[in-house]
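Here's a quick tour of a protein model, written for someone just starting out with structures. Keep the 3D view open and click along as you read.

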Amino acid sequence: MSPYKNAFITGASSGIGKALCLELARRGTHVVAAARREGHLVELVKEIRSSGGCADGCVLDVRDHGRLRSALHEWDERVNGFDLVIANAGVGSALPGDALTWEQVENVVAVNFTAALATLVEGKQLMLPRGHGTLAATSSLAGLRGMPGSGAYSATKAGLQSFLESMELDLQGTGLRVIDIQPGFVRSEMTDKNKFPMPFLWEVERAAKVCVEGLERGKPVIHFPWQMSWSLRVARVLPRWLWRRLATAAKPEL
Ligand SMILES: NC(=O)c1ccc[n+]([C@@H]2O[C@H](COP(=O)([O-])OP(=O)(O)OC[C@H]3O[C@@H](n4cnc5c(N)ncnc54)[C@H](OP(=O)(O)O)[C@@H]3O)[C@@H](O)[C@H]2O)c1
């Protein structure tokens, strides 16, 4: 049984978010699954309920902060308090710097960074007076260094990681936990678009299981697969000239 009673998860209509909902619901958590595609949410809720779990769908665009805030508050009341909020919604941007347009960058920042922070801050407002709960977000191993071909994506994930690290420090002693989920490549609609080889690619069910186990143990950083995670953790301390040489040699075909 999961220690979490009620969870709010954004980006729940596909990929990692959907798998997190299924895994949490299987362990007894009531999940409120949020995303834009209503049909996908209806199917997910049906799947969870038909196997005896508890779920609801919440149609929203996370870039609409007013709607995000009211949905979180409204559902928090309906379920009698979230003890887990996961800012998971995200979009990719596999484009080299010279081909980037502001519209693409703006959307990646709005979804991956601004909306994720809005979700976490609103979740914190709800949980702080109750003195318990977990705030989590799906960042990425791509946030550990500036990756070739995904400047906007890497930047938003690095920013999200910094925010989570600061929040963890600031919320010590409040009863709230802050958890940074840092996946490597996981098969999903996002990565299905990639034409380059994705080393150590995980299936989404495996990723969700590791994430939920980490969330249950209250691990501050959940990172996988270990081969990619530790390579990038070493890469993080390399000097810029050496990173440039290695990253240029491994530059993906976009
Ligand atoms: N797959 C990987 O290899 C990988 C690795 C590291 C980190 N991640 C991160 O994991 C998270 C989930 O990605 P995924 O791989 O599972 O991709 P995915 O299958 O494409 O899922 C992305 C989710 O985000 C939602 N979303 C996108 N824009 C939204 C918006 N404006 N408002 C509300 N929801 C929105 C999508 O739902 P709707 O389109 O229905 O709104 C969908 O449910 C992302 O934050 C991603 O950066 C993924």
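What follows is a short briefing, grouped by topic. Keep in mind that this is a predicted model. A good place to begin is helix 3, whose buried residues are L68, A71, L72 and D76. From there we'll look at the nonpolar cores, the ligand's surroundings and a few backbone oddities.

**Helix 3, one side in and one side out**

- Start with its length: helix 3 has 15 residues, and at 1.5 Å a residue they should span 21 Å. The end C-alpha atoms are indeed 21 Å apart, so the expectation and the model agree.
- Now find L68, A71, L72 and D76, the buried residues of this helix. They sit on the same side of helix 3, because they cover an arc of only 125° around its axis.
- There's a handy rule behind this kind of pattern: an α-helix has 3.6 residues a turn, so residues three or four places apart point the same way.
- Turn to the face that points away from the buried side and you'll meet the exposed residues G66, E74, E77 and R78.
- What covers the buried residues? Strand 1 (6-10), strand 2 (30-35), strand 3 (54-59) and helix 4 (102-127) are among the elements that do.

**The nonpolar cores**

- A bit of background first: in soluble globular proteins, nonpolar side chains tend to be buried together.
- In this model the largest nonpolar core has 61 residues, and A7, I9, L20, C21, V31 and A33 have the most contacts inside it.
- Take I9 as an example: leaving out residues up to four places away in sequence, I9 touches G17, L20, C21, V31, A33, A34, I86 and N88.
- Apart from that core lies another one, of 9 residues, including L141, L144, Y153 and M228.

**A contact across the sequence**

- F113 lies in helix 4. Is it buried or exposed? F113 counts as buried because 21 other C-beta atoms lie within 10 Å, and 20 or more is what it takes.
- F113 and L160 are 47 residues apart along the chain, yet their C-alpha atoms are separated by just 6.1 Å.
- Not counting residues up to four places away in sequence, F113 touches T156, G159 and L160.

**Around the ligand**

- There are 29 residues around the ligand, and G11, G15, R36, G90 and S188 come nearest.
- Helix 1 (15-26) and helix 6 are the elements that give two or more residues to this shell.
- How do the shell residues divide up? The split is 11 nonpolar, 13 polar and 5 charged.

**Backbone oddities worth a click**

- N80 comes just after helix 3 and takes a positive phi of about 70°, even though it isn't a glycine. You'll find N80 in the loop that leads from helix 3 (65-79) to strand 4 (84-87).
- N80 is exposed, because only 9 other C-beta atoms lie within 10 Å, and 12 or fewer counts as exposed.
- F200 is another residue other than glycine with a positive phi, this time near 55°. F200 lies in the loop between helix 6 (189-192) and helix 7 (204-217).
- With 14 other C-beta atoms within 10 Å, F200 is partly exposed.
- Finally, look at the peptide bond joining F224 and P225, which is cis, with omega about -10°. P225 is in the loop between strand 7 (221-224) and helix 8 (226-235).

Note on methods: Residues are numbered from 1 along each chain as its sequence is written. This is a predicted model: local features need pLDDT of at least 70, side-chain atom pairs count only at pLDDT 80 or more; totals for chains, interfaces and linings use all residues. Helices (H or I, at least four residues) and strands (E, at least two) are DSSP runs, numbered from the N terminus. The expected span of a helix is 1.5 Å times one less than its number of residues. The arc is that of the directions from the helix axis to the C-beta atoms. Two residues are in contact if their C-beta atoms, placed from the backbone, lie within 7 Å. A residue is near a molecule or strand if its C-beta atom, placed from the backbone, lies within 6 Å of it. Ala, Val, Leu, Ile, Met, Phe, Trp, Tyr, Cys and Pro count as nonpolar, Asp, Glu, Lys and Arg as charged, and the others, Gly among them, as polar. A nonpolar core is a set of buried Ala, Val, Leu, Ile, Met, Phe, Trp, Tyr and Cys residues joined through C-beta atoms within 7 Å.
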